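Reader: I have a model open and some labels to check. Please justify each one briefly.

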Amino acid sequence: MTEPERPVYVGVDGGGTHTTGAMARKFGLGQPRDLIRVVYQSQSPRMTMAMLAPLVVETAKDGDAVASRILVRAGQDLGKFARAVAKRLSLPEGLSVVGTGGIFNAGELILEPLREEAARAGLTTVRVLDRNAAVGALRLATGQAKMYG
């Protein structure tokens with residue numbers, strides 16, 4: 001079971017969370033267990049799950065414990081990934097981790113655990129891009145074209 005699936009299983013078992021209800025409403029479903037079918041029978045289950053991220057953020061900010069745990073786990077996993085990359089590339093300590101994407105709308109709910117994990121690899125700063133990552137890629141490409149063109 002993946003972390004975003006957890007509220008569905010909790011809801012099916014009768015515990016229910018605000019997150020489960022929000023997800024079911026998003027798809028116009030009467031029963032939380034129907035979420036499993038909707039996600040896994042979609043053309044792209046990963047994209048369907050990604051569409052639910054804003055709901056997880058919203059319900060976590062409203063105090064839902066399951067949604068908060070999902071975001072903490074996501075932050076930890078991102079931090080572990082950053083540590084693995086730093087180790088694999090033998091990066092020096094003191095570098096920054098830069099995040100981009102809608103999941104960072106969760107703010108400190110995801111950034112705090114990310115910072116904690118990244119710090120274990122000597123990655124001292126975690127920040128979120130203030131504009132689309134494509135802008136930076138375009139600037140790099142343009143600079144490279146000028147250098148070699």
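Reader: Which residues are linked in a network of salt bridges?

Author: Arg 83, Glu 117 and Arg 120 are. Keep in mind that this is a predicted model.

Reader: What makes the contact of Arg 83 and Glu 117 a salt bridge?

Author: Their N to O distance is 2.5 Å. The cut-off is 4 Å between a side-chain nitrogen of Lys or Arg and a carboxyl oxygen of Asp or Glu. The pair is therefore a salt bridge. It also links distant parts of the chain. Arg 83 sits in helix 6 and Glu 117 in helix 7 (residues 108–119), 34 residues apart.

Reader: Why is Glu 117 called buried?

Author: Its relative accessibility is 8%. Buried means under 20%, so the label holds.

Reader: And why does Arg 83 count as partly exposed?

Author: Arg 83 has a relative accessible area of 29%. Partly exposed runs between the buried limit of 20% and the exposed limit of 50%, so Arg 83 belongs there.

Reader: How many salt bridges does the structure hold?

Author: Four. One of them joins Asp 77 and Arg 73.

Reader: How do you know that Asp 77 forms a salt bridge with Arg 73?

Author: The closest N and O atoms are 3.4 Å apart. The limit is 4 Å, so the pair qualifies. Both residues lie in helix 6 (residues 65–88). They are four residues apart, about one turn of the helix.

Reader: Buried or exposed, or in between: what are Asp 77 and Arg 73?

Author: In between. Asp 77 is at 35% relative accessibility, and Arg 73 has 39%. Partly exposed lies between 20% and 50%, so Asp 77 earns that label. Arg 73 earns it too, because 39% falls in that range.

Reader: What makes Arg 115 and Glu 108 a salt bridge?

Author: Their side chains meet at 2.7 Å, N to O. With a limit of 4 Å, the pair therefore counts. Arg 115 is partly exposed at 33% relative accessibility. Glu 108 is partly exposed at 43%.

Reader: What describes the packing of helix 6 and helix 7?

Author: Two packed helices are described by the angle between their axes and the distance between the axes. For helix 6 and helix 7, the axes come within 7 Å and cross at roughly 35°. The crossing is right-handed. Helix 6 contributes residues including Leu 71, Val 72, Leu 78 and Arg 83 to the contact. Among those from helix 7 are Leu 109, Ile 110, Leu 114 and Glu 117. By class, the contact has nine nonpolar, three polar and three charged residues.

Reader: At what angle do helix 2 and helix 5 pack?

Author: About 145°, with the axes 9 Å apart. Helix 2 covers residues 18–26 and helix 5 covers residues 53–61. Their crossing is right-handed. His 18, Thr 19, Ala 22, Met 23 and Lys 26 in helix 2 meet Leu 55, Val 56 and Thr 59 in helix 5. That contact divides into four nonpolar, three polar and one charged residue.

Reader: Why is Val 39 called buried?

Author: Val 39 has a relative accessible area of 4%. The limit is under 20%, so Val 39 is buried. Val 39 lies in helix 3 (residues 34–40). Not counting residues up to four places away in sequence, Val 39 touches Pro 45, Thr 48 and Met 49. The C-alpha atoms of Val 39 and Met 49 are separated by 6.9 Å. These two are ten residues apart along the chain.

Reader: What makes Thr 48 buried?

Author: Its relative accessible area of 9%. Buried requires under 20%, so Thr 48 passes. Thr 48 lies in helix 4 (residues 45–51). Leaving aside neighbours within four places in sequence, Thr 48 is in contact with Phe 27, Val 39 and Ser 42.

Reader: Where does pLDDT stay under 50?

Author: Over residues 8–14. The model has 15 contacts beyond four places in sequence for that stretch. Helix 1 (residues 6–12) has the lowest mean pLDDT among the elements, 46, and helix 7 the highest, 94. The chain averages 81, and 85% of the residues score at least 70.

Definitions and conventions:
Residues numbered from 1 in each chain as written. Predicted model: local features only at pLDDT ≥ 70, side-chain atom pairs only at ≥ 80, totals over all residues. Heavy atoms only, no water. Helix = DSSP H or I, 4+ residues; strand = E, 2+ residues; numbered from the N terminus. Buried < 20%, exposed > 50% of the residue type's maximum accessible area, 1.4 Å probe, protein only. Axes fitted to C-alpha atoms, helices over the stretch in contact; angles between N-to-C directions. Left-handed = near helix turned anticlockwise from the far one by under 90°. Contact = heavy atoms within 4.5 Å. Nonpolar A, V, L, I, M, F, W, Y, C, P; charged D, E, K, R; others polar. pLDDT = per-residue confidence, 0-100.
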